[in-house]
Amino acid sequence: MKHFKLSESQIREIFRREERLLPEQTPPFPHVENILSAANKSVIMTHKPRREVESIIKHYGWEEYFVDFVAGDDGFARKSDPESYLYLHKRNQIDLVIGDREIDIIPGKLLGIKTCLFQNNTPGADYYLWDYRDFFKNIHILLNSNRSWLEFKMKGYL
């Protein structure tokens, strides 16, 4: 938004239109479910409204994958503030933060959590991934079965 110098009214209109999209209109990235099914548990941190996130998770039948999430209307500070990440980390012991923007990984770095940027080569992440199909061969982190991954904003909806 900053890059394109969008006005506040343009930003509001984008978000208004996005909220009208149905889950099937913006499917998750290919191969994401393979990662989710391999994880002991996953959590989401998103700026989307809670009702929208719940609708998306239910639409794709992914209720079993996510044990916790923070949504945009939960009252936490926006990214890159680490408040919501700290909340999720205390409850779930996160091992890896995955995001597609630098502001997605900054809170993880501040909390000492490994980070991965998806389709973004901005310096600072521990790992970089361009296709979720390559996750297991490119991400070499020992994931403890008692801990969780933070999955959020996987383009489209998650």
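Glu-19 is partly exposed, with a relative accessible area of 39%; partly exposed denotes values between those for buried (under 20% relative accessible area) and exposed (over 50%), computed with a 1.4 Å probe and protein chains only. The model is predicted, so local features need pLDDT of at least 70 and side-chain atom pairs count only at pLDDT 80 or more, while totals for chains, interfaces and linings use all residues. Residues are numbered from 1 along each chain as its sequence is written, and side-chain values use heavy atoms, with hydrogens and water left out.

**Overall architecture**

The chain has six helices and six strands. These elements are DSSP runs numbered from the N terminus, with helices being H or I runs of at least four residues and strands being E runs of at least two. Along the sequence they follow the pattern α-α-β-α-β-α-β-α-β-β-α-β. Of the 158 residues, 41% count as buried. Among the contacts (heavy atoms within 4.5 Å) with a separation of 6 or more, 58% are accounted for by residues 24 or more positions apart. The accessible surface of the chain, obtained by the Shrake-Rupley method with a 1.4 Å probe, comes to about 8900 Å². Carbon and sulfur atoms hold 51% of that surface.

**Salt bridges**

A salt bridge is defined here as a side-chain nitrogen of Lys or Arg within 4 Å of a carboxyl oxygen of Asp or Glu. By this rule the count comes to 13 salt bridges. Three of them are listed below.

| Acidic residue | Basic residue | N to O distance |
|---|---|---|
| Glu-19 | Arg-51 | 3.7 Å |
| Glu-52 | Lys-48 | 3.8 Å |
| Asp-131 | Arg-133 | 2.7 Å |

Glu-19 and Arg-51 form a salt bridge. This pair links distant parts of the chain, 32 residues apart: Glu-19 belongs to helix α1 (residues 8-19) and Arg-51 to helix α3 (residues 50-59). Arg-51 counts as exposed, at 53% relative accessibility. Lys-48 and Glu-52, by contrast, are both buried. In the third pair, Asp-131 is partly exposed at 21% relative accessible area, and Arg-133 is exposed at 53%. Elsewhere, salt bridges that share partners join Glu-13, Arg-16 and Arg-17 into one network.

**The two sides of helix α3**

Within α3, the residues Glu-52, Val-53, Ile-56 and Ile-57 are buried. They lie on the same side of α3 because they cover an arc of only 130° around the axis, the arc being that of the directions from the helix axis to the C-beta atoms. An α-helix has 3.6 residues a turn, so residues three or four places apart point the same way. Arg-51 and Lys-58, on the other side of α3, are exposed. The buried residues of α3 pack against α1, β1 (42-45) and β2 (66-70). Just after this helix, Gly-61 takes a positive phi of about 70°.

**A nonpolar surface patch**

Met-1, Ile-14 and Phe-15 make a nonpolar surface patch of about 260 Å². Patches consist of residues with over 30% relative accessible area and no salt bridge, with like charges joined within 9 Å and nonpolar side chains (Val, Leu, Ile, Met, Phe, Trp, Tyr) within 5 Å. Ile-14 lies in helix α1 and is partly exposed, with a relative accessible area of 41%.
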